[in-house]
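The following questions and answers introduce a structure to a reader who has not met it before. Each answer sets out its reasoning and closes on what was asked.

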Amino acid sequence: MTLTVDNYKNSLKKINKALEHEETKDKAETWWIAGKIYYSIYDKMMANKAVGDKINSTEAAKALIDGYDKLQVALRNDSIAVVDKKGNPITDKKTGKPKVKTKFSQEIVNKIVTHLVDYSAVAGDFFLAEDWDNAYKAWDIYCNIAKSDWAIKKRVNEPDSVIGYNRFYQGLAAYQKKDYDKAVEQLAKARNLGYRKKALYDAWIDALIKQQDTIYLVSVAHEAHDMLGAKDPRYVRILINHYLKAKNYDEANALLDEVIKSDSTVAEYYDLKGRLTETQAGIDAALPFYRKAVELKPDFGMALFDLGNAIYNKAIANNEHRSKDALNLYDEALPYLEKAHQIMPHNENIKKVLSRIYYVTGSKKIDEL
């Protein structure tokens, strides 16, 4: 306890040479000592923090990760052949393989397992520091140890609910470092361990969109909708788009009618219903749904565009672009389209419709697009 962090760092400099020396680099003891020093650095820094000293949390966290890595090498090298009096290897009668024994493995396992919860803690430190790689690694170490036979024997294994929570954040770390395959993998593990909150489904869906895995995406969106009901129109939108692409109009209508009945205040549902209705029954049948969406949410850019675009399409239906009726419809559509453009200035579809109306009506606003 009298040793300082600097004392341990000096010891580390010396043992690091042994990790590269031909005579010592393959010995379990060399790596065991190196690992113990890293753990000692972490423990000492935490002790200093407990008495009010300022420490470098990132340095402490990295010491814990480095210690784990060193002990993994020690475990791999910690096998000694059992020999008879003449020095010949003894074969295990059950396996037919040479018998081996370990010298440091029990101590190594104890060292790792007693720091179980520390790995979850330092993962959080790495996450806050936006060190996504180390955050992912620390959570992976924690989750793997927490479910291991080692932890069960030591009675420090964590419940599934806690591990699921940590797998969720591990998935977020993978997403942040743009490894969407690992993000999907860890978020699925979190869900299977019982962590089924909205934040998980949202992150899972985001990762699947990045992966462009449509089938899996629809499956997760369906589960999210079943689990969370009408809490997020996004889930419904994914399902409706899927049904529309597959031309499953009956299922799309049934879902929209269900969610509108459960919550008639969500503008997104009416906008989706308008699009579906326009596809099946035409513009006039769809307009009431678009108008309802805009009424419920006046700043809903997509609904404003859908309403304005539907009115514009009605104006040109008979190819009479400059007729009195058409011009009246242009006048009706413009406020919706212009407001949609203000909200979504980079949407090319809105620009195209506006430019056509401005061109036909001779408006100088065409130069502003």
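Helix axes are lines fitted to C-alpha atoms over the stretch in contact, and the angle between two of them runs from 0 to 180 degrees between N-to-C directions. The model discussed here is predicted.

Q: At what angle do helix H9 and helix H10 pack?
A: Helix H9 covers residues 180–192 and helix H10 covers residues 198–211. Their axes lie 9 Å apart, and the angle at which they pack is about 150°.

Q: Are H9 and H10 roughly parallel or roughly antiparallel to each other?
A: Angles over 145 degrees count as roughly antiparallel. H9 and H10 pack at about 150°, and their crossing is left-handed. The two helices are therefore roughly antiparallel.

Q: How many residues of the contact of H9 with H10 are nonpolar?
A: On the H9 side the contact includes Tyr180, Ala183, Val184 and Leu187, and on the H10 side it includes Leu200, Tyr201, Trp204 and Leu208. Charged residues also take part, among them Asp181 and Arg191 of H9 and Lys210 of H10. By class, the contact has three charged residues, one polar residue and, as the number asked for, twelve nonpolar.

Q: Which residue in the loop between helix H8 and H9 has a positive phi although it is not a glycine?
A: Helix H8 spans 160–176, and the loop in question lies between this helix and H9. The residue there has a phi of about 65°. Its relative accessibility is 61%, so it counts as exposed. The residue is Lys178.

Q: Where is Lys247 found?
A: Lys247 is a residue other than glycine with a positive phi, near 60°. It is exposed, with a relative accessible area of 61%. Its place is the loop between helix H12 (233–245) and helix H13 (249–262).

Q: Are H14 and H16 roughly parallel or roughly antiparallel to each other?
A: The axes of helix H14 (residues 267–281) and helix H16 (residues 301–315) come within 10 Å and cross at roughly 25°. Angles under 35 degrees count as roughly parallel. H14 passes H16 in a left-handed crossing, and the two helices are therefore roughly parallel.

Q: How many charged residues does the contact of H14 with H16 have?
A: H14 brings Asp271, Arg275 and Glu278 to this contact, while H16 brings Met302, Ala303, Asp306, Ala310 and Asn313. Three of the residues are nonpolar and one is polar. The number of charged residues is four.

Q: Is Leu272 buried or exposed?
A: Leu272 lies in helix H14. Leaving aside its neighbours within four places in sequence, Leu272 is in contact with Val236, Arg237, Ile240 and Leu256. The C-alpha atoms of Leu272 and Leu256, 16 residues apart along the chain, are separated by 7.8 Å. Since under 20% relative accessible area means buried, the 3% of Leu272 makes this residue buried.

Q: Which residue just after H5 takes a positive phi?
A: Helix H5 spans residues 116–128, and its buried residues are Leu116, Asp118, Tyr119, Val122, Ala123, Phe126 and Phe127. What covers these buried residues includes helix H2 (28–50), helix H3 (57–77), helix H4 (105–113), helix H6 (132–146) and H8. Just after H5, a phi of about 60° is taken by Glu130.

Q: What separates the C-alpha atoms of Tyr359 and Glu158?
A: Tyr359 has its place in helix H18 (residues 348–361) and is exposed, with a relative accessible area of 60%. Apart from neighbours within four places in sequence, Tyr359 is in contact with Arg322 and Ile366. Glu158 is 201 residues away along the chain, and the C-alpha atoms of the two are separated by 67 Å.

Q: What is the radius of gyration of the protein chain?
A: The protein chain has 18 helices and two strands. For its 369 residues the globule rule gives 21 Å, and the chain is well over this, so it is more spread out than a compact globule. Its C-alpha atoms fill a box of roughly 110 × 50 × 40 Å along the principal axes. The radius of gyration is 32 Å.

Technical notes:
Residues numbered from 1 in each chain as written. Predicted model: local features only at pLDDT ≥ 70, side-chain atom pairs only at ≥ 80, totals over all residues. Heavy atoms only, no water. Helix = DSSP H or I, 4+ residues; strand = E, 2+ residues; numbered from the N terminus. Parallel < 35°, antiparallel > 145°, perpendicular 65-115°, else oblique. Left-handed = near helix turned anticlockwise from the far one by under 90°. Contact = heavy atoms within 4.5 Å. Rg over C-alpha atoms; globule rule 2.2 N^0.38 Å. Buried < 20%, exposed > 50% of the residue type's maximum accessible area, 1.4 Å probe, protein only.
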